[in-house]
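Visitor: I should be grateful for a close look at one part of this molecule. Please take me through a pocket, and then through the aromatic rings.

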Amino acid sequence: MIPMEQRTLGRTGRDVSVVGQGTWQLGGDWGEVEESDAFDVLDAAVDSGVTFFDTADVYGDGRSEQLIGRYLKNRPDADVFVATKMGRRADQVPENYVLDNFRTWNDRSRTNLGTDTLDLVQLHCPPSSVYSTDAVYDALDTLVEERRIAAYAVSVETCAEALTAIARPGVASVQIILNPFRLKPLDEVLPAAVAAGVGIIARVPLASGLLSGKYTKDTVFGPDDHRTYNRHGEAFDQGETFSGIDYATGVAAAAEFAALAPEGATPAQTALRWIIQQPGVTSVIPGARSVEQARANAAAAALPPLPQSTLDAVRELYDRSIRPEVHDRW
């Protein structure tokens, strides 16, 4: 296994790799993935130094969790910290975020992952009022006391939700969309997390693949790919698909971003390197559907820091092309 930089994931006290492995793709929401192929991807990630997997109980209706559980059973040498999420299998109303439901959801995830105690459970982008409800955190504390979970966290859509959660003493980490096309968390969220000792997990780091530079305005995605059916938030929050950016706008901006990649690095690796060096980020969780993608993502951790001139160019591109369209909405 190749060593990779480790950072402490907030209040969990556990160290995780700066590049983790997102597993939404393995659930089937980006097109079908065979189990053997999924295991190959996870093998490639672990052998490249990844020690952090992120999943959710709705990824493939539990398939992603099940694959991870079976994989880790077959790889006892892999020291992997697994974060899952709960809440999106029920109607999205605050009344559903109660202890009885938490236990039911938790039991399912523990069975899927094959463990008695889950490393980390994140509320999966619930209604905004949930983040400020005392009873919700009391219920999560109960899960910790019952040793169903070792720690809890939140996944959010907005910076306001992140700041509300960071203020809670039991929240270990916050997962938020952050990439060169999504800079708003840099303003307040990351500084607040650093001050509070809360970890930051950066998701959608490549803006659903836009920042790879591989797509054009004519690219066609499969009908079972969320980049086809959720471009305008038809199935879930629009920000989860292309970071909420109009596709044509994103393709044009991605072409400019690709030109900023240093010699020897791909645009995707450049985007990951940009995220890794943002103060306050614990881990970035790109997905992968192939061994090559998993290895390339992990290799971004070994790249030298981007120079200030590149950071300035990213900001200028964002302010000119992205910010006018969506910054205030985020």
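**The second largest pocket and the aromatic rings**

Guide: In this predicted model, the residues that line the second largest pocket are I68, G69, L72, V80, V82, L113, G114, T115, T117, L118 and D119. The space inside this pocket comes to about 150 Å³. Helix α3, which spans residues 63-74, supplies the largest share of the lining, namely 3 residues. Sorted by class, the lining of the second largest pocket holds 6 nonpolar, 4 polar and 1 charged residues.

Helix α3 deserves a further look, and S64 is a residue within this helix. S64 has a relative accessible area of 1%, so it counts as buried, the limit being under 20%. Apart from its neighbours within four places in sequence, S64 is in contact with T23, G27, T55 and Y59.

One residue of the pocket lining, T117, can also be set against E95. These two residues are 22 residues apart in sequence, and their C-alpha atoms are 25 Å apart in space. E95 belongs to the loop between β5 (81-86) and α4 (99-113). Its relative accessible area is 58%, and E95 is therefore exposed, a class that begins over 50%.

We may now turn to the aromatic rings. A pair of such rings is described by two quantities, the distance of the centres and the angle of the planes. Across the whole structure, a search finds 13 aromatic pairs. In one of them, the ring centres of Y97 and F102 are 6.3 Å apart and the planes stand at 75°, so this pair is edge-to-face; planes over 60 degrees apart fall into that class. Both Y97 and F102 are buried.

The rings of Y215 and F221 also form a pair, with centres 5.0 Å apart and planes at 85°, so the arrangement is edge-to-face. Here the two partners fall into separate classes of accessibility: Y215 counts as partly exposed because its relative accessibility is 23%, whereas F221, with a relative accessible area of 10%, is buried.

Ring pairs also join W24, Y59, Y229 and F236 into a cluster. Y59 has appeared already, as one of the residues in contact with S64. Finally, a ring may have a charged group over its face: R231 lies over the face of Y247, at 4.3 Å from the ring centre.

Notes. Residues are numbered from 1 along each chain as its sequence is written. This is a predicted model: local features need pLDDT of at least 70, side-chain atom pairs count only at pLDDT 80 or more; totals for chains, interfaces and linings use all residues. Side-chain values use heavy atoms; hydrogens and water are left out. On a 1 Å grid over the protein atoms alone, a cavity is a set of points where a 1.4 Å probe fits but cannot get out, and a pocket is an open set with protein on both sides within 12 Å along at least five of seven lines; lining residues have an atom within 4 Å of a point. Grid points are joined across faces, edges and corners, and a volume is the space filled by probe spheres set on the points. Helices (H or I, at least four residues) and strands (E, at least two) are DSSP runs, numbered from the N terminus. Ala, Val, Leu, Ile, Met, Phe, Trp, Tyr, Cys and Pro count as nonpolar, Asp, Glu, Lys and Arg as charged, and the others, Gly among them, as polar. Rings of Phe, Tyr and Trp (its six-membered ring) pair if their centres lie within 6.5 Å; planes under 30 degrees apart count as stacked, over 60 as edge-to-face and the rest as tilted. Buried means under 20% relative accessible area, exposed over 50%, partly exposed in between (1.4 Å probe, protein chains only). A charge sits over a ring if NZ of Lys or CZ of Arg is within 6 Å of the ring centre and within 35 degrees of the ring normal. Contact means heavy atoms within 4.5 Å.
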